[in-house]
Amino acid sequence: QVQLVESGGGLVQAGGSLRLSCAASGRTFSTNAMGWFRQAPGREREFVAVISRSANIRSYANSVKGRFTISTDNAKNTVYLQMNSLKPEDTAVYYCAAGSYGSISRNYDYWGQGTQVTVSS
């Protein structure tokens with residue numbers, strides 16, 4: 001099992017920044033990637049970003065490319081999502097996930113509880 005705990009969400013004005021953190025524990029060696037997904041009210045969960053455990057491969061959704069950066073600190077078993085130039089449409093619950101590299105939910109076996117990000121206009 002892998003346990004994931006997100007933190008760093010909150011309320012921010014449009015144009016502002018937030019950094020989300022996801023601390024992983026347990027059998028993290030059983031996974032090869034960490035991802036971020038988000039779900040807005042009334043919408044399906046969508047891919048945001050993914051990073052391989054070696055940190056040499058990253059991918060982003062087109063909607064966040066150039067504004068969000070995913071990174072990892074393997075010594076701390078923590079993955080980060082730096083979010084800049086936030087827009088109201090970024091408002092969602094953000095979920096950290098661990099599993100196999102990719103942009104689809106079913107690649108991921110483990111999920112955090114989610115952290116709310118609200119961007120006001």
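Is Phe 47 buried or exposed? Phe 47 is buried, with a relative accessible area of 14%. That value comes from a predicted model. The report starts with the whole chain and then returns to this residue and several others.

## Overall fold

The protein chain has 11 strands and 0 helices. Read along the sequence, its pattern is β-β-β-β-β-β-β-β-β-β-β. The radius of gyration is 13 Å, close to the 14 Å that the globule rule gives for 121 residues, so the chain is as compact as a globular protein of that length. Along its principal axes, the C-alpha trace spans about 40 × 25 × 25 Å.

Contacts reach far along the sequence. Among contacts with a separation of 6 or more, 55% join residues 24 or more positions apart.

## Surface and charge

Of the 121 residues in the protein chain, 44% are buried. The accessible surface comes to about 6,100 Å². Carbon and sulfur atoms hold 46% of that surface.

The chain carries 12 positive and 7 negative side chains. The centres of these two sets lie 5 Å apart.

## Phe 47 in strand 5

Phe 47 lies in strand 5, which covers residues 46-52. It counts as buried because its relative accessible area, 14%, is under the 20% cut-off.

Which residues does Phe 47 touch, not counting those up to four places away in sequence? They are Trp 36, Phe 37, Ser 59, Tyr 60, Ala 61, Gly 102 and Ser 103. Val 2 is 45 residues from Phe 47 in sequence, and the two C-alpha atoms are 20 Å apart.

## Tyr 95 in strand 9

Tyr 95 is found in strand 9, which runs over residues 92-99. Tyr 95 is buried, at 14% relative accessibility. Its C-alpha atom is separated from that of Phe 37 by 5.1 Å, although the two residues are 58 apart along the chain.

Phe 37 is also one of the contacts of Tyr 95 outside its neighbours within four places in sequence. The others are Glu 6, Gly 35, Trp 36, Gln 39, Arg 45, Trp 111, Gly 112, Gln 113 and Gly 114. Trp 36 and Phe 37 appear in the contact list of Phe 47 and in that of Tyr 95.

## Arg 67 and Ser 85

Arg 67 sits in the loop between strand 6 (58-60) and strand 7. Is this charged residue buried or exposed? Arg 67 counts as buried, at 11% relative accessibility. Leaving aside neighbours within four places in sequence, Arg 67 is in contact with Gln 82, Met 83, Asn 84, Ser 85, Leu 86, Lys 87 and Asp 90.

Ser 85 has a polar link to Arg 67. A polar atom of the Arg 67 side chain lies 3.0 Å from the backbone oxygen of Ser 85. Ser 85 itself is in the loop between strand 8 and strand 9. Its phi is near 50°, a positive value in a residue other than glycine. Ser 85 is partly exposed, at 40% relative accessibility.

## Asn 77 and Thr 78

Asn 77 is found in the loop between strand 7 (68-73) and strand 8 (78-83). Phi of Asn 77 is near 50°, again positive in a residue other than glycine. Asn 77 is partly exposed, with a relative accessible area of 28%.

Thr 78 belongs to strand 8. Thr 78 is buried, with a relative accessible area of 9%. Its side chain reaches the backbone oxygen of Lys 76 at 2.9 Å. Beyond neighbours within four places in sequence, Thr 78 is in contact with Ser 21, Cys 22, Ala 23, Ser 71, Thr 72 and Asp 73.

## Ser 25 in strand 3

Ser 25 is in strand 3, residues 18-26. Is Ser 25 buried or partly exposed? Ser 25 counts as partly exposed, at 36% relative accessibility.

Outside its neighbours within four places in sequence, Ser 25 is in contact with Gln 1, Val 2 and Gln 3. Asn 107 lies 82 residues from Ser 25 along the chain, and 19 Å separates their C-alpha atoms.

Key
Residues numbered from 1 in each chain as written. Predicted model: local features only at pLDDT ≥ 70, side-chain atom pairs only at ≥ 80, totals over all residues. Heavy atoms only, no water. Helix = DSSP H or I, 4+ residues; strand = E, 2+ residues; numbered from the N terminus. Buried < 20%, exposed > 50% of the residue type's maximum accessible area, 1.4 Å probe, protein only. Contact = heavy atoms within 4.5 Å. Polar contact = N/O pair within 3.5 Å; in protein donor to acceptor, adjacent residues only side chain to side chain. Rg over C-alpha atoms; globule rule 2.2 N^0.38 Å. Areas by Shrake-Rupley, 256 points an atom, 1.4 Å probe, with all protein chains shown as cover. Lys, Arg positive; Asp, Glu negative; His and termini not counted. Charge placed at Lys NZ, Arg CZ, Asp CG, Glu CD.
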